[in-house]
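Let's take a friendly walk through this structure, from a single loop residue to the spaces inside the protein.

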Amino acid sequence: MKEVTSSYNPRDIETRVQDYWKNENIYARVQALRNDGKAFFFVDGPPYTTGHIHLGTAWNKIIKDAILRYHRMRGANVIERAGYDMHGLPIEVKVEHQLGFTSKKDIEEYGIAAFIEQCRTFAVTHMGIMSDQFRKLGVWLDFDNPYQTIDAGYIESAWWAIQRADERGLLERGHRVVNWCPRCETAIADSEVEYWDETDPSIFVKFPVVGRENEYLVIWTTTPWTLPANVAVAINLAFTYARVRAKKDNDEEILWIADELVEPVLKMGRYQDYTVIEKVPGSGLVGMEYTSPLAGHVPHQAEIRHRVVAADYVTLENTGLVHIAPGHGWDDYLVGIKEDLEVFCPVDAGGCFTPAAGAFADMYVRDANDVVVDALGGYLLARRTITHRYGHCWRCKTPIIYRATAQWFLKATSIRGEMLDEIAKVKWYPGWAGSARFHDFVKESRDWCISRQRYWGIPIPIWHCEECGEYTVIGTIAELEERSGATIPDPHRPYVDEVTIPCSCGGEMRRVADIFDVWFDSAVASWATLGFPRQREAFDRYWPADFITEGQDQTRGWFYSQLGASTVAFGRAPYKSVLMHGFALDAEGRKMSKSIGNVVTPEEVMNQFGVDVLRFYVLWANAPWDDLKFNWDGVKTVHRTLNILWNVYRFPLPYMALDAFEPAAGDGGRWDGSFVRAHIGEMPEEDRWIVSRVNSLARAMNDDMQEYHLHRETRALAAFILEDLSRWYVQLVRPRMWLEEDSPGKRYAYETSYYVMRRLTTLLAPFTPHIAEEIYQNLRLEGDPESVHMLDWPEAEDSLIDAHLEADMGVVQSFDDAVATARQAGKRKLRWPVGEAVVVTESVEVKTALQDLNALALARANARAVRVVTGTWDRILWQAEPVMRAIGPEFGKEGPKVKALIESADGTALKAAIERDGKATIDGYEITARHVTFAEALPTGVFSAPMKDATVYVDVTLTPALEAEGYAREVIRRIQDMRRQLDLNVNDFIVAAVEIADGRVASLVGEEEWQNEIAGEVRAAALTVRHADGKRPAEPFALEKDWDVEGVQMQIGISRAGE
RNA sequence: GGGCCCGUAGCAUAGCCGGUGGUGCACCCGGCUGAUAACCGGGAGGUCGUGCGUUCGAAUCGCACCGGGCCCA
């Protein structure tokens, strides 16, 4: 063990430790060490390769790393690989930006092959950058061999799953309304829609009722451009509708509006008067037919038989009648299916009207709003604008539209029951993440649209024959090669688009043009990371995953996509336990975003405070499942804690080095703690106590780790470092470290300190792997493993836990605090001894603790005596306080006099008299208990402070003996200070002289007892103490200083002995 | 609009199967000076988001509302 002189420098330590891991190949060796352990299969949720990691990503990986390191230390053979999500529209859009593209046409002209190579380069480059960042966080996942969603093997895992879906009848091609980005010209998932406010028209439109002159249904919409696709109007059967004769100027017309909404609607339409002709329940409207006001502009509208249908989702807002266009809305579409309505969608992939839209053909739909409104003419009842949340493409920010298109679906609704059953079988941390949140989400889930009309993704492996309409789903590349006769070097577009398969009808099957929704990529990660279906062995051994952990946003994301794909493919969940963690927010609880400018990056924190501080902070700040409100003060606190850990660690090293201390080794030169176990009975109380504490810590941590209470783990560690080690044990053990001679006491101090640090670094290893390693490297014995991460996680040694001693020590700590408080009140420094400290208590625990640990209590209080008193301490005095509410009425105008007499009376005597006789007489006035109360009064020089279940009284009155020691201590302190100024070693001897201006003090300090004490404490070979006589010392000292000690002038000189 | 989570001193957090609200940071005051560009102690600071309810008693249970987050519509 080497002495450590440098203060805590995380960056140096972390660089050195990471180099060591790399050079010694520690990560691989730890894995090899646990090879025979029980398998623990972990699947890394793949981050998307867009670029740099943020605080949330860092937190995510840190949680994973801490948990996996823990499992490894518990002996588990952890099966893991880092993973990356590398396909998808976000990368396509980035590349489009780089190349200056604005539409799919640009891509087609540039060439799909060249385009996807750009995408591949982008993804691979950023993967490398991110891996380096994760490595810097000290994350031990396999970054050299990560699973990548763009690998051919990975793509096969997805193909295989979709083939299984087809076999189970869960793959379906259907016409559905989907979120559609008119710029990207593709369907996008619900999860790819971002909402923010847009201002849109808000219009009320009159639909003419068939066969009724001048009679209209009034509907409301914010998307005029969907009116050309209208086929029906929906009402709610639960509402009452009014048939109203409305008057405007000289015109009259008859309008249908929900009864309760008549007033506001007519006001909006500037009608001056109205009368309700009749009120009809919703059912009375169903089947009513109407014509489109746009029939003259959109030829097809003239052919549609529009009618009124019922729908539950219609609310009592606007007019209570809802315009239905099944081609442009999800709810509309469902109503359409139920009512067998036509799905009319005269809008193309680019968001422009098709020729079927008649007069509106070729217009971009959002631009067409005004034109449509104009075309409504007199059918427009009112026009306003509205600002409301509207969906946008997450990548290019274009407002989305809803569009009915042919897409491929995974029929999640058919396996919903299975999925819900599986959720219940998974162990969720916390429980509500599964039972409430995820369960409710899945319960509401819809079929999953897995097709996208894009380029950079896993091609959907469906080949279709245009001749006979047959289609076939391919499960592997080998299968495709066999059936097509082609070789497939790369299963991506456009290469795979060329491959054709002969159809049994004699025709030729071609691949459908679509690629997978990128969420389907990561959905198959649990078996793709094991190389399945190309390799079966690992899959058979390890699948499903023992554990995964991701943020709460992944409820709808990866938790769901994996569950869906796995339930389809294997009929069960792909994970056995899931820890759902929170989101990283700023200190105000807002989302970190570039536009607000509140983003804190992991690099910032690492550069200022180091990786271990960042790691410990994010695990310590709050429970994993709560959102993390990032706070620099918290980071600083953690830094301080690790700094104290560092100081506590290096504190005993110089003494150990000086004594060439070697910890007792066990079998094979390996440290095993046997010395402490063997000698625990003989060791001083504080040693037994800290050994007990560190074992209690291990016990508590084992319990908390079972539930992944990482915040409790780290908080328990911090509390141990600060409270138990730094503030208590180190203070108590100090004098034993300074002992000159070898002694059992010193040996115990060394062995105990060593034992505690070894235990502590092991417990810290999963959380702060660098500082733990750094300390371990200095502490480890020859036979010990090369890394702290090769050690086994410590079980609590029950035989070393002494609950009684821990309780006793708690009392002494409380006593220590109380004495400090009382001393402060009495303005008596801790350096100055006091006569006695008296503890008044009724508590048996307090009493026994202060008896058991009396020597310790004496030392801590720096008192000549510590006594425990039950009942009342006889030195307590009482101050009588008159009760005027009783005195006034009874003594009348004598009251003030009685008041004064009571106040000046000897309260203590008065109290005793009243307690004895029930009354007392002062100057002839009879005083009873109701006239007076008593407040505690302390004798001169006594100060009190409360502690748990007791009160401490400290008498700070000085006597010559106490004063002698006090001044002697002051002298010692100043000489020590001067030694430091001379930069002397702790074992150097000095010669010193003390000249004291005050003769009385000089003679007190000059007593032989104190002169010897001073000489011993400051390692003085020669010391003179005398009353200053104005003469300078004969020999000049290396350092001379004048001091003011509590108002007494002293001149002190010291030199190194022999110089 | 719905589901889930969160809302405790200036900031962050513990307590949350009910019984006089703990802790850290910051702040003020002090101590220590053989961990020292450290360390330690003391003090002040709280309508436990708001309101209603259950109860002898609620930060803790119930309901409603307000604010924040994630997700859904």
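## A glycine in a loop

Start in the loop that runs between helix 21 (653-658) and helix 22 (674-679), where Gly-669 is found. Please keep in mind as you look that this is a predicted model. Is Gly-669 buried, partly exposed or exposed? Its relative accessibility is 27%, and because the partly exposed class runs from 20% to 50%, Gly-669 counts as partly exposed.

Which residues does Gly-669 touch, once its neighbours within four places in sequence are left aside? They are Leu-781, Glu-782, Gly-783 and Asp-784. Leu-781 is 112 residues away from Gly-669 in sequence, yet their C-alpha atoms are 6.7 Å apart in space.

## Two buried polar side chains

Next, look at Gln-562, which sits in helix 17 (residues 558-570). Its relative accessible area is 1%, and since anything under 20% is classed as buried, Gln-562 is buried. Beyond its neighbours within four places in sequence, Gln-562 is in contact with Ser-522, Ala-523, Ser-526, Ile-548, Pro-574 and Tyr-575. Gly-531 lies 31 residues from Gln-562 along the chain, and 16 Å separate the two C-alpha atoms.

Ser-726 belongs to helix 24. With a relative accessible area of 18%, Ser-726 is buried, because the cut-off for that class is 20%. Setting aside neighbours within four places in sequence, the contacts of Ser-726 are Ile-644, Val-648, Ile-721 and Gln-731.

## The second largest cavity

Val-648, a contact of Ser-726, also helps to line the second largest cavity. This cavity has a volume of about 70 Å³. The rest of its lining is made up of Phe-651, Pro-652, Leu-725, Tyr-729, Val-730, Val-733, Ser-753, Val-756 and Met-757.

Which elements give two or more residues to this lining? They are helix 24 (710-737) and helix 25 (744-764). Helix 24 supplies the largest share, 4 residues. By type, the lining residues of the second largest cavity divide into 9 nonpolar, 1 polar and no charged.

## The largest cavity

How many cavities of 30 Å³ or more are there? The count comes to 5, and the largest of them has a volume of about 90 Å³. Its lining holds 13 residues, and those nearest the centre are Gly-88, Leu-89, Arg-452, Phe-516 and Val-518.

Two elements, helix 4 (89-99) and strand 25 (515-516), give two or more residues to the lining of the largest cavity. Helix 4 gives the most, with 3 residues. Here the lining divides into 7 nonpolar, 1 polar and 5 charged residues.

## A hairpin and the domain layout

Further along, strand 33 (residues 919-922) pairs with strand 34 (residues 925-928) in the antiparallel sense over 4 bridges. Within this pair, Lys-919 stands opposite Thr-928. The hairpin has 2 residues between its strands, and Asp-923 takes a positive phi near 50 degrees there.

To step back, chain A is divided into domain 1 (196-395), domain 2 (461-513), domain 3 (615-787), domain 4 (808-874 + 942-955), domain 5 (877-937) and domain 6 (960-1056). How far apart are the centres of domain 2 and domain 4? Taken over C-alpha atoms, the separation is 88 Å.

Definitions and conventions:
Residues numbered from 1 in each chain as written. Chains lettered and ligands numbered in written order. Predicted model: local features only at pLDDT ≥ 70, side-chain atom pairs only at ≥ 80, totals over all residues. Heavy atoms only, no water. Domains from an automatic or database assignment. 1 Å grid on protein atoms, 1.4 Å probe; cavity = no way out; pocket = protein on both sides within 12 Å on 5 of 7 lines; lining within 4 Å. Points joined across faces, edges and corners; volume = space filled by probe spheres on them. Nonpolar A, V, L, I, M, F, W, Y, C, P; charged D, E, K, R; others polar. Pairing = 2+ DSSP bridges. Buried < 20%, exposed > 50% of the residue type's maximum accessible area, 1.4 Å probe, protein only. Contact = heavy atoms within 4.5 Å.
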